[in-house]
Amino acid sequence: MPFDKGLTAVLGPSGCGKSNVVDAIKWVLGEKSAKNLRGEEMLDVIFSGCASRSASGMAEVKLTFDNTDGVLPLPYNEVCVGRRLYRSKESEYFINNNKCRMNDVRDLFLDTGVGSSAYSVIEQGRVEALLHAKPPDRRAAFDEAAGLAPAKVTRKEILSRL
């Protein structure tokens, strides 16, 4: 599913899978809450089967980014980020088909506006929630858009170690 530069929106009639696309993007970028993915538990992202197809043993999402402009701090023209979840509850993250940690994926996208809760992915209801948010919550969104997210993450990690 190619996305052109600039503003991209996923549009379509009810039930066509728009929210599934958004959930898949958030999930591969490290979303940890099943409730934020419209599920009860994380295993709900794995296809459970239907009358015409049997259940899957795992869920997998891969996103490929054009990095010819060098925005991502890797020496590749294309960067592929992936995540798998097996029914055994084992989860794996990948960057260019090399296993990595979720933190590696998160750190890769710090200060880019891309991430599981970043302003670059605005799902249904989030605009209204932002408009009605309390000032500290609204400020967090603006801080991220202004590029302050890396410093805040580093500060939080250092304080937790202390």
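So, to kick off: in which helix is L159 found? That's helix α5, which covers residues 149-161. And L159 has company, since together with I158 and L162 it makes a nonpolar surface patch of about 350 Å². Keep in mind, everyone, that this is a predicted model.

Okay, on to the sheet. We've got an open sheet of four strands, in the order β1-β2-β3-β4, and the pairing is antiparallel. At the edges sit β1, residues 58-66, and β4, residues 98-100, and each of those pairs on one side only. From one strand to the next, the twist averages 25 degrees. As a quick reminder, strands of a sheet pair through backbone hydrogen bonds, either parallel or antiparallel.

Let's look at the β3 end. Strand β3, residues 91-95, is joined to β4 by three bridges, with the two running antiparallel. If you want a spot to click on, Y93 stands opposite C100 in β4.

Now the helices on that sheet. Helix α2, residues 102-109, packs on it and touches β1, β2, β3 and β4. The direction of α2 makes about 40 degrees with that of β3. Then there's α1, residues 18-28, lying across β1, β2 and β3, and α1 runs at about 85 degrees to β1.

What do the buried residues of α1 pack against? They pack against β1, β2, β3 and also α2. The buried residues here are V21, V22, D23, I25, K26, W27 and V28, so have a look at D23 and K26 in that list.

Last thing: just after α1, G30 takes a positive phi, about 110 degrees.

Note on methods
Residues are numbered from 1 along each chain as its sequence is written. This is a predicted model: local features need pLDDT of at least 70, side-chain atom pairs count only at pLDDT 80 or more; totals for chains, interfaces and linings use all residues. Side-chain values use heavy atoms; hydrogens and water are left out. Patches are made of residues with over 30% relative accessible area and no salt bridge: like charges are joined within 9 Å, nonpolar side chains (Val, Leu, Ile, Met, Phe, Trp, Tyr) within 5 Å. Accessible areas come from the Shrake-Rupley method with a 1.4 Å probe; for residues, only the protein chains shown count as cover. A salt bridge is a side-chain nitrogen of Lys or Arg within 4 Å of a carboxyl oxygen of Asp or Glu. Two strands pair if DSSP finds at least two bridges between them. Axes are lines fitted to C-alpha atoms, for helices over the stretch in contact, and angles run from 0 to 180 degrees between N-to-C directions. Contact means heavy atoms within 4.5 Å. Buried means under 20% relative accessible area, exposed over 50%, partly exposed in between (1.4 Å probe, protein chains only).
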